[in-house]
Amino acid sequence: MDVDTAVFAVSCTGTPRTGTRALHKEQQLNRFLAEVERRALRIAEIAVRDRDEALDIVQDSMIKLVRKYSERDEEEWTPLFYRILQNAVRDWHRRQSVRNRVMVWFRKKPDEDHDYDPVAAAPDPIGRTPDEELTNSEAMLSLEAAVRRLPARQREAFMLRTFEGLDVAGTAIAMGCSQGSVKTHYSRAVHTLREQLEEYRPGSSGLVEGQS
Amino acid sequence: MKRSDEEFGRQAKEAFDASVEKLDAATLSKLNRGRHAALAELKSPTRSFSRWMPAAGVAAAVLVAVVVIQTPGGVDEMPTAVTDMEILLGEDSIEMLEDLEFYSWIDTVDLEGDVG
């Protein structure tokens with residue numbers, strides 16, 4: 001083999017370039033997103049109480065991950081993805097609070113309808129009918145309700161640690177805070193949830209006890 | 001962490017996983033579409049454009065700076081141009097235009113005087 005042939009051979013047998021590498025990256029991302037998307041949707045849905053909004057948030061988060069972090073190592077994707085998702089949820093809540101402040105001006109005055117309760121009158125955000133509600137898991141419904149009542153940071157820590165299964169370090173990256181803060185938020189969340197759920201279901205020592 | 005907390009976490013995870021498994025087909029389809037829309041970003045031409053946009057912006061700014069500095073008298077001529085504009089747009093110029101006939105007469109008189 002002459003020198004030119006040898007150089008050509010080396011250049012062809014190195015790291016896979018462009019086409020193959022891009023295809024491999026796409027497959028990796030597809031696998032990762034397919035694995036994470038359903039849990040991410042439920043986590044977002046619990047946080048914003050609306051499935052369509054949650055779908056938008058998850059899709060936007062997937063797009064941002066692909067745009068910004070596709071070149072990062074695969075191990076980094078989970079905490080990065082959830083960081084994007086949590087930021088999107090926080091933005092959604094900020095927009096909602098601004099929208100609510102603006103909408104106050106267009107609502108009926110309280111003395112026009114004493115019995116009107118906007119929370120009670122609002123349709124079920126997930127679109128469940130009363131019959132469906134009855135057949136759904138009571139345990140998850142009560143857990144969701146309790147998780148929604150948690151302060152935002154405790155809710156994030158609990159959902160990322162428990163539902164997504166991130167470790168303390170991964171949760172800290174996703175939440176953008178220290179590992180110590182994660183431990184504090186998580187511990188408080190579990191304490192509050194246990195109190196509320198045991199109070200909600202007297203005589204039960206666990207969340208799903210008695211569930212078939 | 002207390003054992004009871006761990007047990008609580010395990011039960012909560014089970015309930016959550018069960019709710020994930022119950023997601024309906026329409027929702028799963030929307031997730032699938034969302035994922036493919038995200039993956040399409042890998043092939044999007046705007047992606048490569050946006051990646052190089054900051055560098056292109058800096059390059060353009062440097063090019064403009066070089067052209068301005070290298071052009072002979074490019075920077076020096078600017079005050080002149082500004083002065084011209086000031087004269088053209090100044091109140092005095094407008095007054096001069098209004099009295100154009102008067103200044104024209106003065107020129108004529110001066111010329112006649114020079115001759116005389």
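Helices here are DSSP runs of H or I with at least four residues, numbered from the N terminus. The model is predicted. The exercises below work through its two chains.

**Exercise 1. Find the place of R49(A), and say what is unusual about its backbone.**

Step 1. Locate the residue. R49(A) lies in the loop between α2 (18–48) and α3 (51–69) of chain A.

Step 2. Read its phi. The angle is positive, about 65°, although R49(A) is not a glycine.

Step 3. Set this against the general rule. Most residues other than glycine have a negative phi.

Step 4. Judge its surroundings. R49(A) has 15 other C-beta atoms within 10 Å, so it is partly exposed. That class lies between the cut-offs: 20 or more for buried, 12 or fewer for exposed.

**Exercise 2. Describe the fold of each chain in terms of helices, strands and burial.**

Step 1. Count the elements of chain A. There are ten helices and zero strands. Along the sequence the pattern reads α-α-α-α-α-α-α-α-α-α.

Step 2. Do likewise for chain B. Chain B has six helices and zero strands, in the pattern α-α-α-α-α-α.

Step 3. Add burial. In chain A, 31% of the 212 residues count as buried. In chain B, buried residues make up 9% of 116.

Step 4. Look at the contacts inside chain A. Take those with a separation of 6 or more: 63% of them join residues 24 or more positions apart.

**Exercise 3. Work out the surroundings of W77(A) and N87(A) in helix α4 of chain A.**

Step 1. Place both residues. W77(A) is in helix α4 of chain A. N87(A) is found in that helix too, which covers residues 74–103.

Step 2. Classify W77(A). It has 19 other C-beta atoms within 10 Å, so it is partly exposed.

Step 3. List its partners. Leaving out residues up to four places away in sequence, W77(A) touches F32(A), L65(A), Y69(A) and R72(A).

Step 4. Compare sequence with space. W77(A) and L29(A) are 48 residues apart in sequence, and their C-alpha atoms are 8.9 Å apart.

Step 5. Turn to N87(A). It counts as partly exposed because it has 16 C-beta neighbours inside 10 Å. N87(A) and S61(A) are 26 residues apart in sequence and 9.2 Å apart from C-alpha to C-alpha.

**Exercise 4. Describe how α4(A) and α9(A) cross and which residues meet there.**

Step 1. Start with the geometry. Helix α9 of chain A spans residues 168–175. Its axis and that of α4(A) come within 7 Å and cross at roughly 40°. The crossing is right-handed.

Step 2. Name the residues. From α4(A) come T78(A), P79(A), Y82(A), R83(A) and Q86(A). They meet G170(A), I173(A), A174(A) and M175(A) in α9(A).

Step 3. Sort them by class. The contact of α4(A) with α9(A) has five nonpolar, three polar and one charged residues.

**Exercise 5. Examine the span and burial of α7(A) and α8(A).**

Step 1. Take α7(A), residues 138–149. Its twelve residues reach 17 Å from first C-alpha to last, close to the expected 16 Å. Its buried residues are A139(A), M140(A), L143(A), E144(A), A146(A) and V147(A).

Step 2. Recall the helix repeat. An α-helix has 3.6 residues a turn, so residues three or four places apart point the same way.

Step 3. Take α8(A), residues 152–163. It has twelve residues and reaches 15 Å, close to the 16 Å expected. This helix is mostly covered, with ten of its twelve residues buried. Among them are F158(A), M159(A) and L160(A).

Step 4. Look just past the helix. G165(A), just after α8(A), takes a positive phi of about 80°.

**Exercise 6. Describe the side of chain B that touches chain A, then check the confidence.**

Step 1. Count both sides. The contact takes 25 residues from chain B and 32 residues from chain A.

Step 2. Find the helices. In chain B, α1 (3–21) and α2 (25–40) each supply at least two residues of this side. α1(B) gives the most, with 13 residues.

Step 3. Sort by class. The side of chain B that touches chain A has twelve nonpolar, five polar and eight charged residues.

Step 4. Check the scores. Chain B averages a pLDDT of 72, and 47% of the residues score at least 70. Within chain B, confidence is highest in α2(B), at 96, and lowest in helix α4 (residues 77–89), at a mean of 51. The model scores ipTM 0.72 and pTM 0.62.

Step 5. Apply the caution. Where pLDDT is low, the predicted coordinates should not be read in detail.

Definitions and conventions:
Residues numbered from 1 in each chain as written. Chains lettered and ligands numbered in written order. Predicted model: local features only at pLDDT ≥ 70, side-chain atom pairs only at ≥ 80, totals over all residues. Contact = placed C-beta atoms within 7 Å. Nonpolar A, V, L, I, M, F, W, Y, C, P; charged D, E, K, R; others polar. Expected span 1.5 Å × (residues − 1). Axes fitted to C-alpha atoms, helices over the stretch in contact; angles between N-to-C directions. Left-handed = near helix turned anticlockwise from the far one by under 90°. pLDDT = per-residue confidence, 0-100.
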